[in-house]
Amino acid sequence: PTLMLVCCSLLHSSYVVHYGFHEAKLNFIDPCGKTWVCKDENDPKVMFGDIAVYTGLQSADPCTARGCLWPKSSDGNVYVAYRISNQYSQRERNTIVQGLRSFSRSTCIRFTPRRRQRDFVDIQSRSGCFSFVGRRGNGQVVSLSRRGCVFQSVIQHELLHALGFNHEQTRSDRDQHVRILLQNVIRGQEHNFRRIRNSRNLGTPYDYNSVMHYGRFAFSSNRQPTIVPVPNPNVAIGRANQMSPTDILRVNRLYACSTVLFVLSHKHSYVLVS
Ligand SMILES: [Zn+2]
């Protein structure tokens, strides 16, 4: 009952998910033993009517303290096996592989093609972009729909979910950084704006540039914002097109990667010591 996820509502039965112009019923069990579904509308091509919904978030879920982390190898790396569905074109497949490899450039996460590993991420083109939060055991679907999800930021976002991260604006301290305007949220979607009281923020600051931060109009019913930064309402949020330095730092902290990292962003170079 304490598990509350932004894009992932805690559920006891099947749940109607809206993505694009479709609805589907999904019913999953999470690694913490609860039933919920995590779905995202992650690209402007995945919209409700003409309302683009971008999901992003980023703090570690409490389940990461209870065993939904991926195990660490004796060499210090965290190997996460993956399988990519043959639904994708070669080009889409390359984009996905690039997204997987981006983690090895800046973290100790190593996505590797599945051989006989029991637990793995099973990348498929289903309806929409969605993932479980954390390792759930056996094959776990990461959906990257060919229609709107095969982009670097979305791939990283969904994989960060699979590694154990939630949306940034679910953080325990989010009310100091954003105001949630529930009156503008599509009725029935309010759970997407829950706060996780005991999120593991890993000593990192709230990050508007996190690839896990929702956009200003996420789940808006009326073209009015649903998330407004405070105190400065004009700060851009939810616009990341790749993992931010803070996103990377959190992965390194959550998985205790012992690397000194040189991270290049488009504006600055950062040296991160995790
Ligand atoms: Zn998400």
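Reader: Which hand does the link of Cys129 and Cys149 have, left or right?

Author: The link of Cys129 and Cys149 is left-handed, with -85° about the S-S bond. This is a predicted model, in which local features need pLDDT of at least 70 and side-chain atom pairs count only at pLDDT 80 or more, while totals for chains, interfaces and linings use all residues. Residues are numbered from 1 along each chain as its sequence is written, and side-chain values use heavy atoms, with hydrogens and water left out.

Reader: How far apart are the sulfurs in Cys129 and Cys149, and where do the two residues sit?

Author: The sulfur atoms of Cys129 and Cys149 are 2.1 Å apart, where a disulfide is taken as a pair of cysteine sulfur atoms within 2.5 Å. Cys129 is in strand E11 (residues 129–131) and Cys149 in the loop between strand E12 (139–144) and H2, so that the pair links distant parts of the chain, 20 residues apart. Strands (E, at least two residues) and helices (H or I, at least four) are DSSP runs, numbered from the N terminus.

Reader: How many disulfides does the structure hold, and what pattern do they follow?

Author: The structure holds three disulfides, and with bonded cysteines counted along the chain their pattern is 1-2, 3-6, 4-5. Cys63 and Cys68 form one of them, with sulfur atoms 2.2 Å apart, and the torsion about their S-S bond is about 70°, so that disulfide is right-handed. Cys108 and Cys257 form another, with sulfur atoms 2.0 Å apart, and at -65° about the S-S bond their link is left-handed. Cys108 lies in the loop between helix H1 (90–106) and strand E9 (109–113) and Cys257 in the loop between helix H3 (245–254) and strand E16 (260–264), so this pair ties together parts that are 149 residues apart in sequence.

Reader: Switching to H2, how many of its residues are buried?

Author: In H2, 11 of the 12 residues are buried, which leaves the helix mostly covered; buried means under 20% relative accessible area, exposed over 50%, and partly exposed in between, with a 1.4 Å probe and protein chains only. Among the buried residues are His157, Glu158 and Leu159.

Reader: And what span should H2 have?

Author: The 12 residues of H2 (residues 152–163) should span 16 Å, and the end C-alpha atoms are 16 Å apart, which agrees; the expected span is 1.5 Å times one less than the number of residues. Just after H2, Gly164 takes a positive phi of about 120°.

Reader: Which H2 residue does the UniProt "active site" annotation cover?

Author: The annotation, which comes from an unreviewed UniProt entry, covers Glu158, and Glu158 has a relative accessible area of 0%. UniProt positions are given in the numbering used here, with feature names shortened, and annotations may be inferred rather than shown by experiment.

Reader: What about aromatics, how many pairs are there?

Author: There are five aromatic pairs, where rings of Phe, Tyr and Trp (its six-membered ring) pair if their centres lie within 6.5 Å, with planes under 30 degrees apart counted as stacked, over 60 as edge-to-face and the rest as tilted. The ring centres of Phe103 and Phe111 are 5.3 Å apart and the planes are at 75°, so that pair is edge-to-face. For Phe193 and Phe219 the centres are 6.1 Å apart and the planes at 85°, so the pair is edge-to-face.

Reader: Which residues form a cluster?

Author: Phe193, Tyr214 and Phe219 form one aromatic cluster.
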